[in-house]
Amino acid sequence: MYTELLAKTKMLKDLCDQSLKRLEEIKQSESYEVDFYKEVKPFVDDTMAIADNWRELAVSWINKEFPKNLHPNQIDATHENIQHISIQSFYQDTKVKRFKNMYESVQYVLENILEKVATAK
């Protein structure tokens, strides 16, 4: 179970990194036009499939191990922020400061899980 949680957490970190990179590239491009059905929907659907599975694994791990400074409500908030990040990274009118705050919040929780699960083995 913990191996799958670690794998999904690493995948989500990579997908969030991709989202941040995409937003930075889109912000520099003045003529970028997003194709919702060819770009946004497939990426968000794939990301959320991983995030949905990750949320279940993370919550059950928290309920079993009771790690310090990690709670199920943080997992739910992180799951929601991952969804926002994956969608907003495609649009030029996204507010960078708000996006980066969500991104950093997500990264904090994901890194916290990676650290605590790896030391709990």
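Modeller: Let's start with a yardstick: a residue is buried under 20% relative accessible area, exposed over 50%, and partly exposed in between, using a 1.4 Å probe and protein chains only. This is a predicted model, in which local features need pLDDT of at least 70, side-chain atom pairs count only at pLDDT 80 or more, and totals for chains, interfaces and linings use all residues. Residues are numbered from 1 along each chain as its sequence is written, and side-chain values use heavy atoms, leaving out hydrogens and water.

Colleague: Thanks! Why is Asn69 called partly exposed?

Modeller: Asn69 has 47% relative accessibility. That value falls between 20% and 50%, so the label is partly exposed.

Colleague: And what makes Phe66 exposed?

Modeller: Phe66 has a relative accessible area of 65%. That is over 50%, so Phe66 counts as exposed.

Colleague: What is notable about the phi of Phe66 and of Asn69?

Modeller: Phe66 has a positive phi of about 50 degrees although it is not a glycine, and Asn69 has a positive phi of about 65 degrees, again without being a glycine. Most residues other than glycine have a negative phi. Phe66 sits in the loop between H2 and H3, and Asn69 is in the loop between H2 and H3 too. The helix names come from DSSP runs numbered from the N terminus, where a helix is H or I with at least four residues and a strand is E with at least two.

Colleague: How do you know how far to trust the model?

Modeller: We look at pLDDT, the predictor's confidence in each residue, from 0 to 100. The protein chain has a mean of 93, and 98% of its residues reach 70 or more. Among its elements, H3 has the highest mean, 97, and H4 the lowest, 93.

Colleague: What makes Lys13 and Glu111 a salt bridge?

Modeller: The term needs a side-chain nitrogen of Lys or Arg within 4 Å of a carboxyl oxygen of Asp or Glu. For Lys13 and Glu111, the closest N and O atoms are 3.0 Å apart, so the pair qualifies. Lys13 lies in helix H1 (residues 2-28) and Glu111 in helix H4 (residues 96-120), so the bridge ties together parts that are 98 residues apart in sequence. Lys13 is buried at 15%, while Glu111 is partly exposed at 42%.

Colleague: How many salt bridges does a search of the whole structure find?

Modeller: The search finds 5. Another one joins Asp45 and Lys41, with the closest N and O atoms 2.8 Å apart. Both lie in helix H2 (residues 36-65), 4 residues apart, about one turn of the helix. Asp45 at 40% is partly exposed, and Lys41 at 34% is partly exposed as well.

Colleague: Why does the pair Arg55 and Asp76 count as a salt bridge?

Modeller: The N to O distance is 4.0 Å, so the pair is counted as within 4 Å. This bridge links distant parts of the chain, with Arg55 in helix H2 and Asp76 in helix H3 (residues 72-88), 21 residues apart. Arg55 has 29% relative accessible area and Asp76 has 38%, so each is partly exposed.

Colleague: How do you know how H1 and H3 pack?

Modeller: Two packed helices are described by the angle between their axes and the distance between the axes. The axes are lines fitted to C-alpha atoms, for helices over the stretch in contact, and the angles run from 0 to 180 degrees between N-to-C directions. The axes of H1 and H3 come within 8 Å and cross at roughly 35 degrees. Leu12, Cys16, Ser19, Arg22 and Leu23 of H1 meet Ile82, Ile85, Ser86 and Gln88 of H3, where contact means heavy atoms within 4.5 Å.

Colleague: What makes Thr78 buried?

Modeller: Thr78, in helix H3, has 2% relative accessibility, which is under 20%, so it counts as buried. Not counting residues up to four places away in sequence, Thr78 touches Trp54, Val106 and Val109.

Colleague: Why is Asn112 called buried?

Modeller: Asn112, in helix H4, has 8% relative accessibility, again under 20%, so buried is the right word. Leaving aside neighbours within four places in sequence, Asn112 is in contact with Asn69 and Leu70. The C-alpha atoms of Asn112 and Pro67 are separated by 9.7 Å, although the two residues are 45 apart along the chain.
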